[in-house]
Amino acid sequence: MVDLAAISSRLAEQAIELPSWAFGNSGTRFKVFAQPGVPRDPYEKIADAAQVHRHTGLAPTVALHIPWDKVDSYADLAKRAEDHGVALGTINSNTFQDDDYKLGSVTHRDDRIRRKAIDHHFECIDIMNETGSRDLKIWLADGTNYPGQDDMRGRQDRLADSLAKIYERIGDNQRLVLEYKIFEPSFYHTDVPDWGTSYAQVSALGDRAVVCLDTGHHAPSTNIEFIVMQLLRLGKLGSFDFNSRFYADDDLIVGAADPFQLFRILVEVIRGGGYGGDGDTAFMLDQCHNIEDKIPGQIRSVLNVQEMTARALLVDTAALDAAQRAGDVLTANGLFMDAFYTDVRPALAEWRASRGLPEDPMRAYAESGYAATIVADRVGGAQAGWGA
Ligand code: RM4
Ligand code: MN
């Protein structure tokens with residue numbers, strides 16, 4: 001039996017932000033499978049997200065995506081979230097679903113379109129001011145499909161100029177978080193393809209501009225934990241979009257494809273001062289549940305992050321440090337693997353029970369009857385989904 005006493009208070013520092021879009025219908029470019037009971041508006045998404053927090057105690061905030069989550073009153077939405085025991089978190093901009101942005105948004109050659117994309121971010125900042133959100137997360141679909149299609153250097157310069165205008169509007173307690181992605185929907189080049197580009201762009205802006213690392217946005221075999229180490233070392237790891245992938249940006253349940261990679265990432269987060277009260281790195285999920293039920297999909301996701309965090313906290317750092325100093329390769333690696341192979345699930349169940357949470361959140365949700373209630377209640381209206 002694992003004794004979690006030593007890391008119990010550290011576990012309590014964990015907070016994982018849920019994406020509102022994880023609760024809506026989603027799919028691939030081949031098919032979106034609608035599920036009964038799916039939310040029809042942002043209010044219902046928040047209600048579903050609150051279920052995850054209720055059963056796990058791990059997910060106190062919900063990220064919004066604008067315009068998908070547009071409402072008449074954000075103060076009202078924030079109030080409703082509070083009534084459900086959660087709060088609104090990061091505001092995500094969206095410049096990838098408007099015909100004007102076919103050839104780019106903040107990098108576009110046309111001043112009018114660039115202006116429109118910048119104004120959209122200003123609108124997002126206005127929303128942040130109403131919701132009390134700290135982070136504006138920017139992920140851009142900008143890029144090209146064919147060599148020679150556009151001047152990559154010119155686009156980079158316009159990106160810098162647009163980001164500077166957006167950053168100027170960011171409040172003293174707010175942050176601009178720039179996410180990178182190697183490809184898709186652009187297939188030849190993207191304007192923010194990697195952590196280095198994001199780092200170069202945010203560094204030019206100032207202290208309140210940081211990088212978002214989406215774990216699905218790298219080339220296969222990329223050593224993601226190295227990037228985590230480097231960004232923490234540079235003080236620029238603003239947030240994570242957690243998910244897992246077998247091939248590309250699969251957006252599957254975090255820890256499903258490669259639990260060991262998640263462990264290695266979390267070891268570096270803790271080592272680098274990015275965990276809990278140590279720093280400002282936000283843990284978020286960015287996932288879609290195309291074929292599985294969405295609320296339990298999110299419950300399983302936050303539990304996966306918690307389990308790997310617990311294992312990472314169990315690394316015997318003093319012994320590891322000694323082995324590293326001694327150049328004892330096999331002992332160092334053995335200590336690392338000992339923590340990874342520790343099954344923390346029974347101890348976490350006890351830990352939850354000691355905090356008034358269900359020992360088995362998946363079962364507690366299944367037995368709560370919530371799923372049947374939303375299927376019965378959510379009749380009529382249009383289900384929320386990709387692009388709505
Ligand atoms: C992108 C990126 C963004 C997310 C959108 C929905 O691939 O990961 O973070 O907001 O998808
Ligand atoms: Mn993402």
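Author: A polar contact is a pair of N or O atoms within 3.5 Å. This model is predicted, and its ligand 1 offers an example: a polar side-chain atom of aspartate 214 lies 3.1 Å from an oxygen atom of ligand 1. A distance of 3.1 Å is within the cut-off of 3.5 Å, and therefore the pair counts as a polar contact.

Reader: What places lysine 137 and an oxygen atom of ligand 1 in the same category?

Author: A polar side-chain atom of lysine 137 lies 3.2 Å from an oxygen atom of ligand 1, again within 3.5 Å. For aspartate 241 the corresponding distance to an oxygen atom of ligand 1 is 3.0 Å. The protein buries 95% of the 290 Å² that ligand 1 exposes when taken alone. The residues around ligand 1 include His65, Trp68, Trp139 and Trp386.

Reader: Which residues are called protein donors of the manganese ion (ligand 2), and at what distance do they lie?

Author: They are Glu179 (OE), Asp214 (OD), Asp241 (OD) and Asp286 (OD), lying 2.1 to 2.2 Å from the ion. The cut-off for a donor to this metal is 2.8 Å, and therefore these atoms qualify. In sequence, the donor residues follow the spacing E-x34-D-x26-D-x44-D. Distant parts of the chain are linked by one pair: aspartate 214 belongs to strand β8 (residues 209-214), while aspartate 286 lies in the loop between β10 (282-285) and α9 (294-313), 72 residues apart.

Reader: Why is the arrangement around the manganese ion (ligand 2) called octahedral?

Author: There are 6 donor atoms, and they subtend angles of 73 to 164°. Six donors count as octahedral if opposite donors are over 155 degrees apart and all others between 65 and 115. The arrangement around the manganese ion (ligand 2) is octahedral because of these angles.

Reader: Why is aspartate 214 called buried, and what value places aspartate 286 in that class?

Author: The class requires under 20% relative accessible area. Aspartate 214 has 0% and aspartate 286 has 11%, so each counts as buried.

Reader: What makes strand β6 (residues 175-179) largely enclosed?

Author: Of the 5 residues of β6, 5 are buried, so the strand is largely enclosed by the rest of the structure. Both faces are covered: Arg175, Val177 and Glu179 are buried on one side, and Leu176 and Leu178 on the other.

Reader: How many bridges join β6 and β8, and in which sense do the strands pair?

Author: They are joined by 4 bridges in the parallel sense; at least two are needed for a pair. Leucine 178 stands opposite valine 211 in β8. Strand β4 (residues 135-138) also pairs with β6 in the parallel sense over 4 bridges, and arginine 175 in β6 is the bridge partner of aspartate 135.

How values were computed: Residues are numbered from 1 along each chain as its sequence is written. Chains are lettered from A and ligands numbered from 1 in the order in which they are written. This is a predicted model: local features need pLDDT of at least 70, side-chain atom pairs count only at pLDDT 80 or more; totals for chains, interfaces and linings use all residues. Side-chain values use heavy atoms; hydrogens and water are left out. Donors are N, O and S atoms within 2.8 Å of the metal (3.2 Å for Na, K and Ca); water is not among the atoms, so sites may look incomplete. Four donors count as tetrahedral if all angles lie between 85 and 135 degrees; four count as square planar and six as octahedral if opposite donors are over 155 degrees apart and all others between 65 and 115; anything else is irregular. Helices (H or I, at least four residues) and strands (E, at least two) are DSSP runs, numbered from the N terminus. Buried means under 20% relative accessible area, exposed over 50%, partly exposed in between (1.4 Å probe, protein chains only). A residue is near a molecule or strand if one of its heavy atoms lies within 4 Å of it. A polar contact is a pair of N or O atoms within 3.5 Å; within protein, one must be able to donate a hydrogen and the other to accept it, and residues adjacent in sequence count only if both atoms are side-chain atoms. Accessible areas come from the Shrake-Rupley method with a 1.4 Å probe; for residues, only the protein chains shown count as cover.
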